[in-house]
Amino acid sequence: MIEIPSDLNPDLVPLAWLLGNWAGAGVTDFPGAEKANFGQEVSFTHDGRDFIEYRSYSWILDSEGNKVKPLETESGFWRISAAEGDKGPRKVEVVMVRDEGVVEVWYGELADKKPQIDLATDAVARTAASGPYTGGKRLYGYVKGDLMWVGEKQTPEVPLRPYMSAQLKKVVTPEEVADMARNLGDLPDDGIAFFK
């Protein structure tokens, strides 16, 4: 179920399904780098202003699922675009910074009648230390309560192709558990009757 916080800026309601903390795993595979499984933690938060703050931390996993080394860190801001000529609240813009020295501006659109966003880079700036990169695409979707995403990228040598994808589950904080407990009401003593 998607909840819309009462203090969420009204412009951001179409993005409410992103809100929260997410964790899960995925696969990364791109020419010039070893294919690997990775773990990821993502948060989408808001403070009442007209943007959602985004943070993502990912790390390489070994064959048993243990953290091996950091993979990528991203942070940024997501907005519903208010540019002149847009056809309402379906346009999305994202500004993102990655630890490897890349800054990106992404534009995209919300799918019609489902929680899904297609994004493509509009501008890319790189530091001298960053690797070759000329642009990308991303698809985010809310599927059966999970946050799924796939990223594509291109370099001067490699045409646009998928390079990362992940399936993330919503993370429940201790505060959220306490809030749920306060709002449970009366449950049967043995717990079993609850399922009858």
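The exercises below, each with a worked solution, concern a single chain in a predicted model.

**Exercise 1. Describe the make-up of the chain: how many helices and strands does it have, and in what order do the elements run?**

Begin with the count, which is 1 helix and 10 strands. Next, follow the elements from the N terminus on, and the order reads β-β-β-β-β-β-β-β-β-β-α. Then turn to the surface: of the 196 residues of the chain, 33% count as buried, and the accessible surface comes to about 11800 Å², of which 53% belongs to carbon and sulfur atoms. Finally, look at how the chain meets itself: among the contacts with a separation of 6 or more, 40% are accounted for by residues 24 or more positions apart.

**Exercise 2. Locate Arg-138 and decide whether this residue is buried or exposed.**

The first step is to find the element, and Arg-138 has its place in strand S8, which covers residues 135-143. The second step is to compare its relative accessibility with the cut-off: buried means under 20% relative accessible area, and because Arg-138 has a relative accessibility of 3%, this residue counts as buried. The third step is to list what surrounds it: leaving aside neighbours within four places in sequence, Arg-138 is in contact with eleven residues' worth of names that include Tyr-54, Glu-74, Trp-106, Asp-118 and Tyr-163. The last step is to look along the strand, where a polar contact of 2.9 Å joins the side chain of Arg-138 to that of Tyr-140.

**Exercise 3. Examine Lys-113 and Lys-144: where does each lie, and what is the sign of phi?**

Take Lys-113, which is placed in the loop between strand S6 (102-110) and strand S7 (116-126). Its phi is near 65°, a positive value in a residue other than glycine. Because the relative accessible area of Lys-113 is 80%, and exposed means over 50%, this residue is exposed.

Now treat Lys-144 in the same steps, starting from its place in the loop between S8 and strand S9 (146-154). Phi of Lys-144 is near 50°, again a positive value in a residue other than glycine. With a relative accessible area of 85%, Lys-144 is exposed.

**Exercise 4. Which residues make the nonpolar surface patch of about 230 Å², and where is Ile-2 found?**

The patch is made by Ile-2, Ile-4 and Val-13. Of these, Ile-2 is found in the segment before strand S1 (20-28). Since partly exposed lies between the cut-offs of 20% and 50%, Ile-2, at 39% relative accessibility, counts as partly exposed.

Terms used:
Residues numbered from 1 in each chain as written. Predicted model: local features only at pLDDT ≥ 70, side-chain atom pairs only at ≥ 80, totals over all residues. Heavy atoms only, no water. Helix = DSSP H or I, 4+ residues; strand = E, 2+ residues; numbered from the N terminus. Buried < 20%, exposed > 50% of the residue type's maximum accessible area, 1.4 Å probe, protein only. Polar contact = N/O pair within 3.5 Å; in protein donor to acceptor, adjacent residues only side chain to side chain. Contact = heavy atoms within 4.5 Å. Patch = residues over 30% accessible without salt bridge, like charges linked within 9 Å, V, L, I, M, F, W, Y side chains within 5 Å. Areas by Shrake-Rupley, 256 points an atom, 1.4 Å probe, with all protein chains shown as cover. Salt bridge = Lys/Arg side-chain N within 4 Å of Asp/Glu carboxyl O.
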